[in-house]
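Colleague: Got a minute to go through this model with me? I'd like the charged pairs and then the sheet.

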Amino acid sequence: MSKWLHSGRRRDVCTLLYEADELRAQRLKNRLTNHYDERIDPQSFHAMIAALEEAGHVESHTEGIADVYRLTEAGEQALLDHYEWFTDRIESGTEGEED
């Protein structure tokens, strides 16, 4: 698994972007906050987004005064690869390391 997916929040951000195609920053943060049922520090949120952009998994553009985020093709593929890996583990009940 690539390093960017080591963070559950990063995976969840990518999942929300995959579901919505693209989201304004505040809406994305609100959805993440609602999922965790706790406040997410704005600096932490922006650092997480910056790390995803730097890794090439998320891209942004501006609409008016709002930043809008979407998954890149690489980000979508990494998310789908992780989903496949995760689903295989759940369905097979595999424990331990892969061969």
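Modeller: What follows covers salt bridges, then strands.

Modeller: This is a predicted model, so to speak of terms: local features need pLDDT of at least 70, side-chain atom pairs count only at pLDDT 80 or more, and totals for chains, interfaces and linings use all residues. Residues are numbered from 1 along each chain as its sequence is written, and side-chain values use heavy atoms, with hydrogens and water left out.

Colleague: How many salt bridges are there?

Modeller: The count is five, where a salt bridge is a side-chain nitrogen of Lys or Arg within 4 Å of a carboxyl oxygen of Asp or Glu.

Colleague: Which residue does Arg9 meet in a salt bridge?

Modeller: Glu38, at 3.3 Å from N to O. Arg9 is in helix H1 (residues 8-20) and Glu38 in the loop between helix H2 (25-36) and helix H3 (42-54), so the pair ties together parts 29 residues apart in sequence. Helices (H or I, at least four residues) and strands (E, at least two) are DSSP runs, numbered from the N terminus.

Colleague: Is Glu38 buried or exposed?

Modeller: Partly exposed, with a relative accessible area of 43%. Buried means under 20% relative accessible area, exposed over 50%, partly exposed in between (1.4 Å probe, protein chains only). Arg9, at 24%, is partly exposed.

Colleague: And what does Asp21 form a salt bridge with?

Modeller: Arg70, with the closest N and O atoms 2.9 Å apart. Asp21 sits in the loop between H1 and strand S1 (22-24) and Arg70 in strand S3 (residues 66-71), so this pair links parts 49 residues apart in sequence.

Colleague: Which other side chain meets Arg70?

Modeller: Glu22 meets Arg70 in a salt bridge of 3.3 Å, N to O. Glu22 belongs to strand S1 and Arg70 to strand S3, so parts 48 residues apart in sequence are tied together. Through shared partners, salt bridges join Asp21, Glu22, Glu59 and Arg70 into one network.

Colleague: Switching to the sheet: what is the strand order?

Modeller: S1-S3-S2, an open sheet of three strands with antiparallel pairing. Two strands pair if DSSP finds at least two bridges between them.

Colleague: Why is one side of S1 left without a neighbour in the sheet?

Modeller: S1 and strand S2 (58-63) stand at the edges, each with a single partner strand, so one side of each has no neighbour in the sheet.

Colleague: Over how many bridges do S2 and S3 pair?

Modeller: Six, in the antiparallel sense. Val58 has Leu71 in S3 as its bridge partner.
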